[in-house]
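Here's a quick briefing on the structure below. Have a look at it first, then go through the points by topic.

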Amino acid sequence: SLTREQLDLLKKTTQNLIIFYDDDEAGKVATERANEMASAEDFSVKIFNVGILKEFESEKFKDAADVVLAHSGFLAQELLKRAEPAMGFYIKFILGDSGEFKRKDSFQRKADLKKVLAKLKIIKSPVEQSFWIKEVADVVGVSERDVREELKEVKTSTQFKKQEEQINIEDLLLKKFNSRKD
């Protein structure tokens, strides 16, 4: 799992990060967490979709690292070129293309849009955010202004955690206050 200390070290040499995790549930969770941390630190994040490795099934690689070790030269470089920007990956993975998005029911469209916007909100660079707002607007079929308005209302996972912590603290204080009244 990626740590803040590792990001600090990486930041001294690059602003580019390719996340290359296994294609299981733990890998997906680790990918999302790493993307959130790196995006908040203004890294340019790409995600390597491990599903691409299915092209090489005849070699029976256990995970993505095995491919890099086995093919440290040209093939590994070619595979890494297939890494896509994190937001592009999430837009495609969560929203789908314009036709797929429009075929979803209203509830699913709203839920999926909020997931993508929560990831978009983490991006530190306003220029990078604007680029992805345009992409989301194109897929969803609305104006960039509408996406920006919706983005203002979306909370990131960090904001949810802070809100939950605040609620827990308020509950504790209220309980303590009420116990003193009795």
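A search through the whole structure, which is a predicted model, turns up three aromatic pairs. Phe 89, Tyr 90 and Phe 93 belong to one aromatic cluster, so that's where the notes begin, because the ring centres of Phe 89 and Tyr 90 are 5.3 Å apart with planes at 75°, making the pair edge-to-face.

**The aromatic cluster**

- Phe 89 also pairs with Phe 93, and here the rings are stacked, at 5.7 Å centre to centre with 5° between the planes.
- Phe 89 and Phe 93 are about one helical turn apart, because they sit four residues from each other in helix H5.
- Buried or exposed: which is Phe 93? It's exposed, at a relative accessible area of 58%.
- Phe 89, on the other hand, comes out as buried because its relative accessibility is 15%, under the 20% cut-off.
- Tyr 90 counts as buried too, with a relative accessibility of 3%.
- Tyr 90 also has a charge for company: the charged end of Lys 119 sits over its ring, 4.5 Å from the centre.

**Asn 35 and its surroundings**

- Asn 35 is part of helix H2.
- With a relative accessible area of just 4%, Asn 35 is buried.
- What does Asn 35 touch, once neighbours within four places in sequence are set aside? Its contacts are Ile 19, Val 45, Ala 86 and Tyr 90, and Tyr 90 is the ring from the aromatic cluster.

**The sheet**

- Three strands make up an open sheet, in the order S1-S2-S3 and with mixed pairing.
- S1 and S3 (84-85) are the edge strands; each has a single partner strand, so one side of each has no neighbour in the sheet.
- S1 and S2 run parallel and are joined by four bridges.
- Ile 19, one of the contacts of Asn 35, has Ile 47 in S2 as its bridge partner.

**The nonpolar core**

- The largest nonpolar core counts 33 residues, and Ile 91, Leu 95, Leu 117, Leu 120 and Val 136 have the most contacts inside it.
- Strands S1 (16-19) and S2 (44-47) each supply at least two residues of this core, as do helices H2 (25-40), H5 (86-95), H7 (106-122), H8 (126-140) and H9 (144-153).
- Which element gives the most to this core? That's H5, with seven residues.
- Leu 117 is in contact with Val 136, Val 147, Glu 150, Leu 151 and Val 154, leaving aside neighbours within four places in sequence.
- As background, nonpolar side chains tend to be buried together in soluble globular proteins.

**The chain as a whole**

- The secondary structure amounts to 10 helices and three strands.
- Along the sequence, the pattern reads α-β-α-β-α-α-β-α-α-α-α-α-α.
- The chain has 182 residues, and 32% of them are buried.
- Among contacts with a separation of 6 or more, 66% are between residues 24 or more positions apart.
- About 12100 Å² of the chain is exposed, with carbon and sulfur atoms supplying 53% of it.

Technical notes:
Residues are numbered from 1 along each chain as its sequence is written. This is a predicted model: local features need pLDDT of at least 70, side-chain atom pairs count only at pLDDT 80 or more; totals for chains, interfaces and linings use all residues. Side-chain values use heavy atoms; hydrogens and water are left out. A nonpolar core is a set of buried Ala, Val, Leu, Ile, Met, Phe, Trp, Tyr and Cys residues joined through side-chain atoms within 4.5 Å. Buried means under 20% relative accessible area, exposed over 50%, partly exposed in between (1.4 Å probe, protein chains only). Contact means heavy atoms within 4.5 Å. Two strands pair if DSSP finds at least two bridges between them. Rings of Phe, Tyr and Trp (its six-membered ring) pair if their centres lie within 6.5 Å; planes under 30 degrees apart count as stacked, over 60 as edge-to-face and the rest as tilted. A charge sits over a ring if NZ of Lys or CZ of Arg is within 6 Å of the ring centre and within 35 degrees of the ring normal. Accessible areas come from the Shrake-Rupley method with a 1.4 Å probe; for residues, only the protein chains shown count as cover.
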